[in-house]
Amino acid sequence: MKWLVRDSYTQQIRKTTITSMNAIDLHVHSNKSDGSYSPIELVDYALEKKLSAFALTDHDTVDGLDEALSYAQNKPVKVIPGIELSTENEACDVHILGLFINYKNPAFQDYLVKFQESRDLRNEKMCVKLREHGIQITMEDLRKRFPDSVVTRGLYAKYMLETGQIKSMREAFERYIGDTGPCYVPREKVTPEQAIDLIHTADGVAVLAHPVLYHMGTAKLDAFTARLKAAGLDGIEAVYTTYAPSDERDIKRLAAKYELLITGGSDFHGTTKPETDLGIGYGKLFVPEDLLYQLTDYKSRSK
């Protein structure tokens with residue numbers, strides 16, 4: 001698949017105004033990674049919230065997609081097959097969303113198996129470090145509490161909170177498992193460029209997730225976006241739960257500068273992040289259905 005944005009189409013995106021009042025959510029997690037809702041429960045909740053579509057983008061796994069897609073058949077909500085891939089840039093986490101992926105692609109599946117093996121090894125090391133710092137935790141504990149889930153740092157924090165070892169999820173990251181925390185263990189190094197290439201292998205649309213959260217500063221984020229655009233990046237998450245209006249404007253300007261599609265989502269995790277609700281984030285988030293039309297049109301033009 002060639003990933004080209006034609007100039008005329010880019011201009012069309014820049015001039016598009018919101019014509020649909022239907023809401024979508026292109027960044028959602030289930031209990032197959034670190035969310036609390038099952039894929040079926042997410043479909044039902046999306047119907048309750050009157051979303052016209054949502055993307056299931058679990059961390060480094062596609063285990064929930066068959067269940068969600070099957071259950072959503074003949075229901076008035078579209079499930080978009082997706083994933084959120086974990087990568088590293090200058091010793092910091094950077095996430096790349098894959099939307100409309102062919103998640104049964106053999107090369108894509110092989111990568112996920114190898115990545116999970118690497119993640120398991122990293123998690124064992126993090127448990128050792130946490131115990132050295134007084135936290136009672138083992139991988140067996142995590143697997144019992146979160147069966148069939150991909151164990152991420154969010155689940156570490158949730159476990160510590162639920163077992164009374166910390167007072168807030170934030171404390172887990174600030175004291176123990178944040179990027180600069182004493183118990184943090186970096187995963188096997190996967191670059192954002194490798195994630196983009198992998199998503200394209202699965203015929204997906206590669207999107208830089210929540211760029212404001214990386215705290216790069218304007219000039220550095222601009223240069224990073226240019227670098228990823230050169231590697232084939234298709235879009236950028238310009239509408240997001242935690243963004244201030246100025247953040248959204250800045251990312252939309254970046255999207256226009258580098259001819260990137262705009263996406264948006266709540267990053268819904270259920271009780272793992274209870275302050276964030278599906279479709280509306282902190283309460284004011286609105287991701288218009290028009291963005292979905294632009295994505296599907298782009299995919300059809302890029303074949």
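Author: The radius of gyration is taken over C-alpha atoms, and the globule rule is 2.2 Å times the number of residues to the power 0.38. The model discussed here is predicted.

Reader: What radius of gyration does the chain have, against that of a compact globule with 303 residues?

Author: For 303 residues, the rule puts a compact globule near 19 Å. The value for the chain agrees with this, so the chain fits the rule, at 19 Å.

Reader: How much of the chain is buried?

Author: A residue counts as buried when its relative accessible area is under 20%. Among the 303 residues of the chain, the buried share is 56%.

Reader: In what order do the strands of the open sheet stand?

Author: The chain holds 11 helices and 8 strands. The open sheet is formed by 8 strands, with mixed pairing. Their order is 7-6-5-4-3-2-1-8.

Reader: Why is one side of strand 7 and of strand 8 left without a neighbour in the sheet?

Author: Strand 7 (261-265) and strand 8 (287-288) each have a single partner strand. One side of each therefore has no neighbour in the sheet, because both stand at the edges.

Reader: Which residue in strand 8 is the bridge partner of Ala23?

Author: Strand 1, residues 23-28, pairs with strand 8 in the antiparallel sense over 2 bridges. Ala23 has its bridge partner in strand 8, and that partner is Pro288.

Reader: What angle does the direction of helix 9 make with that of strand 5?

Author: Helix 9 (residues 218-230) packs on the sheet. The helix touches strand 3, strand 4, strand 5 and strand 6. With the direction of strand 5 (205-208), the direction of helix 9 makes about 170°.

Conventions:
Residues numbered from 1 in each chain as written. Predicted model: local features only at pLDDT ≥ 70, side-chain atom pairs only at ≥ 80, totals over all residues. Heavy atoms only, no water. Pairing = 2+ DSSP bridges. Helix = DSSP H or I, 4+ residues; strand = E, 2+ residues; numbered from the N terminus. Contact = heavy atoms within 4.5 Å. Axes fitted to C-alpha atoms, helices over the stretch in contact; angles between N-to-C directions. Buried < 20%, exposed > 50% of the residue type's maximum accessible area, 1.4 Å probe, protein only.
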